[in-house]
Amino acid sequence: MSAIHQFLAWSALCAELTFKFENLRRLPYLVVDSLFGLIILTFVTSQWLNISTKFWSAIHLYIEQLETLITWLTNNPAGLKLNDALNTFLANFFFYHIHLWKTYVTVFEHSLTNWLLIVAFGALGFSVLVAFLSDFLRVLTVHIFCFHIYTHRLAKVSCTAFMGLGRAFRSKKWNPLRRRVDSVRLDVRQLFIATLAMIILLFLLPTIIVYFVVFGTLWLFVDSVCRLLRHLARTIRQTLIKL
């Protein structure tokens, strides 16, 4: 149930539909919103081929630019000396996911479901249509979110391990049971292993952080656009209610 509640809280479309069904008594608002939605649908229908072509061209251009960006990252960007082995591994990992993303986008592009959903939600109102576009953009760019999660988890684990090794040099360790830092005595062999692991992490961290910053920035951009559309849907709703 918690997952369902999280999805409902995340979805702009669910928020708009819930508001409409909870306010069925506000007939003037519902009628005006639906009229605006039908007007927009009329325009979209007349220009559907042009709008659809430009939209999917922009999506494919975005994918190409993402591939170019990853290729740029593999060539020591801005003079940064990244770890070649990890850099190559991460680049191939993300290239494979982009290949899957292309297939994913192609299925959406040649599906009539998009058109049917736009017509259906547009008939329910302009605010619902804008909310649908917000959710549709999130679904379409779900791989950017996945890239961000991958790099975020990798950076978090690496930084946590690095901090733990740093505490080991100060004869400290984190006690997860008591949730505090306790003293610990390490022998020479343990210190050698800790030193070796810390040096390895030290050379890997710049590469991990670069990928984390890049994909975090991309996700921030996509998330900002989706939030803007959601805010626009809410603004449209509030404006129409006041009419």
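1. In this predicted model, residues 30-49 form a span that is 95% helix and 0% strand, and the C-alpha atoms at its two ends lie 29 Å apart. According to the UniProt annotation, from an unreviewed entry, this span is a "transmembrane region", a label that also covers residues 112-133, 153-170 and 191-222.

2. The last-named of these annotated stretches, residues 191-222, is 100% helix and 0% strand in the model, with its end C-alpha atoms 44 Å apart.

3. Helix α7, which runs over residues 126-140, can be checked against its expected length: at 1.5 Å a residue its 15 residues should span 21 Å, and because its end C-alpha atoms are 21 Å apart, the two values agree.

4. The same helix, α7, is mostly covered, since 12 of its 15 residues are buried. Among them are the hydrophobic-named positions Val128, Leu129, Val130, Phe132, Phe136, Leu137 and Leu140, but the buried set also includes Ser127, Ser134, Asp135 and Arg138.

5. Thr151 belongs to helix α8, residues 142-169, and deserves a separate comment. Its relative accessible area is 4%, and because buried means under 20%, Thr151 counts as buried. A polar atom of the Thr151 side chain lies 3.1 Å from the backbone oxygen of His148. In an α-helix there are 3.6 residues a turn, so residues three or four places apart point the same way.

6. Leaving aside residues up to four places away in sequence, Thr151 touches Phe94, Tyr211, Phe212 and Phe215. Of these partners, Tyr211, Phe212 and Phe215 fall within the annotated stretch of residues 191-222.

Technical notes. Residues are numbered from 1 along each chain as its sequence is written. This is a predicted model: local features need pLDDT of at least 70, side-chain atom pairs count only at pLDDT 80 or more; totals for chains, interfaces and linings use all residues. Side-chain values use heavy atoms; hydrogens and water are left out. UniProt positions are given in the numbering used here, feature names are shortened, and annotations may be inferred rather than shown by experiment. Helices (H or I, at least four residues) and strands (E, at least two) are DSSP runs, numbered from the N terminus. The expected span of a helix is 1.5 Å times one less than its number of residues. Buried means under 20% relative accessible area, exposed over 50%, partly exposed in between (1.4 Å probe, protein chains only). A polar contact is a pair of N or O atoms within 3.5 Å; within protein, one must be able to donate a hydrogen and the other to accept it, and residues adjacent in sequence count only if both atoms are side-chain atoms. Contact means heavy atoms within 4.5 Å.
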